[in-house]
Amino acid sequence: MSIKAVAIDVGRDKGLAGYSLTQTFATDDGHMTLVEIAPPAFDVDIFIAYATDQNFTGKPVYGRPGCYLHPDAAECLGKAIDLARSMGLRFKVFDAFRPSEAQWVLWNHTPDPEFLADPRRGSPHSMGVAVDLTLIDSAGTELDMGTAFDAFTPRSHHGVLDISAEAQRNRAILLGLMTAAGWDFYRNEWWHYQLFSPRGRYEVLSDKVLAQPMMA
Ligand SMILES: [Zn+2]
């Protein structure tokens, strides 16, 4: 299977109403292509935590900070970016496509189904249809969300009351922007968004689908 990851121009100057992805994504063997999430096509900050030692495993899982999504998810992220921009906000992305090999590394470190998808079920991240992200202001400073990204604690759940009013407000803005753009939320992680009902609709993908591997 050869799937190439490509950067595309998604025509962002058309505004939300005219937003469309006009590229065809089928490769010569009929498989879908992952879209590289990077400026200027996608106006986001990118800090791929699993390509650094700043993640719960304490060491890099990826060999490079690749950021890719399935075209369906890339389109929804583009909508969210446009909505956030209208409020003077941008996104900082911590993780997007996560090769199935990486999901096994994370699961073997912390096999907790509250915070990680069992690799045998398949993580929506490994389908390229989930993204971990927060909001940043015009100076690039992360908004207070009450916990850090990947804090495996009940305070990371949606709907908790033991975070500040400001963090509550910021989570609600993130939730509103993402759901309005077509994303489903995950009750245990304020930073995680995915397309609705991904299992069965999208296939779990290996690092091997990337022209340039991501795994360390
Ligand atoms: Zn996630």
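**Entry 1: backbone oddities**

I began with Ser197, which is exposed, with 10 other C-beta atoms within 10 Å. Ser197 sits in the segment after S7, and I noted that its phi is near 45°, a positive value in a residue other than glycine. I keep in mind throughout that this is a predicted model.

I then looked up Asp150, whose phi is near 65°, again positive in a residue other than glycine. Asp150 belongs to the loop between S5 and H3, and in contrast to an exposed position it is buried, with 22 other C-beta atoms within 10 Å. I wrote these angles down because most residues other than glycine have a negative phi, and most peptide bonds are trans.

On that second point I checked the peptide bond from Pro39 to Pro40, and found it to be cis, with omega near 5°. Pro40 is placed in the loop between strand S1 (35-36) and S2.

**Entry 2: Gly146**

I stayed with the loop between S5 and H3, where Gly146 is also found. Is Gly146 buried or exposed? With 18 other C-beta atoms within 10 Å, Gly146 falls in between and counts as partly exposed, since the cut-off for a buried residue is 20 or more.

I listed its contacts, leaving aside neighbours within four places in sequence, and obtained Arg155, Ile163, Ser164, Ala167 and Arg171. For one of these, Ser164, I looked up the C-alpha separation from Gly146, which is 6.8 Å although the two residues are 18 apart along the chain.

**Entry 3: overall layout**

I turned to the whole protein, which has three helices and seven strands, arranged along the sequence in the pattern β-β-β-α-β-α-β-α-β-β. Of its 216 residues, 36% count as buried. Among contacts between residues at least 6 apart in sequence, 72% join residues at least 24 apart.

**Entry 4: the sheet**

I traced an open sheet of five strands, with mixed pairing and the order S2-S4-S5-S7-S6. Its edge strands are S2 (44-46) and S6 (184-186), each of which pairs on one side only. On average, neighbouring strands of this sheet are turned by 40° against each other, direction ignored.

I followed two of the pairings in detail. S2 and strand S4 (residues 90-95) run parallel and are joined by three bridges, and there Val44 has Phe91 of S4 as its bridge partner. S4 and S5, on the other hand, pair in the antiparallel sense over five bridges, with Arg90 standing opposite Ile136 in S5.

**Entry 5: helices against the sheet and each other**

I asked next which strands helix H1 (residues 71-85) lies across. They are S2, S4 and strand S5 (130-136), and H1 runs at about 145° to S4. Helix H3 (residues 165-180) also packs on the sheet, where it touches S5, S6 and strand S7 (189-194), and its direction makes about 130° with that of S5.

For the helix pair I recorded both axis distance and angle: the axes of H1 and H3 come within 8 Å and cross at roughly 135°. The two helices are therefore oblique to each other, and H1 passes H3 in a right-handed crossing. I find the contact made by Ala80, Leu83 and Ala84 on the H1 side and by Leu177, Met178 and Ala180 on the H3 side.

**Entry 6: the nonpolar core**

I finished with the largest nonpolar core, which holds 50 residues, and in which Ile37, Leu69, Leu77, Ala80, Val93 and Val131 touch the most other members. Strand S3 (68-69), H1, S4, helix H2 (100-109), S5, H3 and S7 are the elements that give two or more residues to this core. The largest share, seven residues, comes from H1.

I noted that Ala80, listed among these best-connected members, is also one of the H1 residues in the contact with H3.

Which residues does Val93 touch, not counting those up to four places away in sequence? I found Ile37, Val44, Ile46, Cys67, Val131 and Leu133; among them, Ile37 and Val131 are themselves in the list of residues touching the most other core members.

Terms used. Residues numbered from 1 in each chain as written. Predicted model: local features only at pLDDT ≥ 70, side-chain atom pairs only at ≥ 80, totals over all residues. Pairing = 2+ DSSP bridges. Helix = DSSP H or I, 4+ residues; strand = E, 2+ residues; numbered from the N terminus. Axes fitted to C-alpha atoms, helices over the stretch in contact; angles between N-to-C directions. Contact = placed C-beta atoms within 7 Å. Core = buried A, V, L, I, M, F, W, Y, C linked by C-beta atoms within 7 Å. Buried ≥ 20, exposed ≤ 12 C-beta atoms within 10 Å, placed from the backbone. Parallel < 35°, antiparallel > 145°, perpendicular 65-115°, else oblique. Left-handed = near helix turned anticlockwise from the far one by under 90°.
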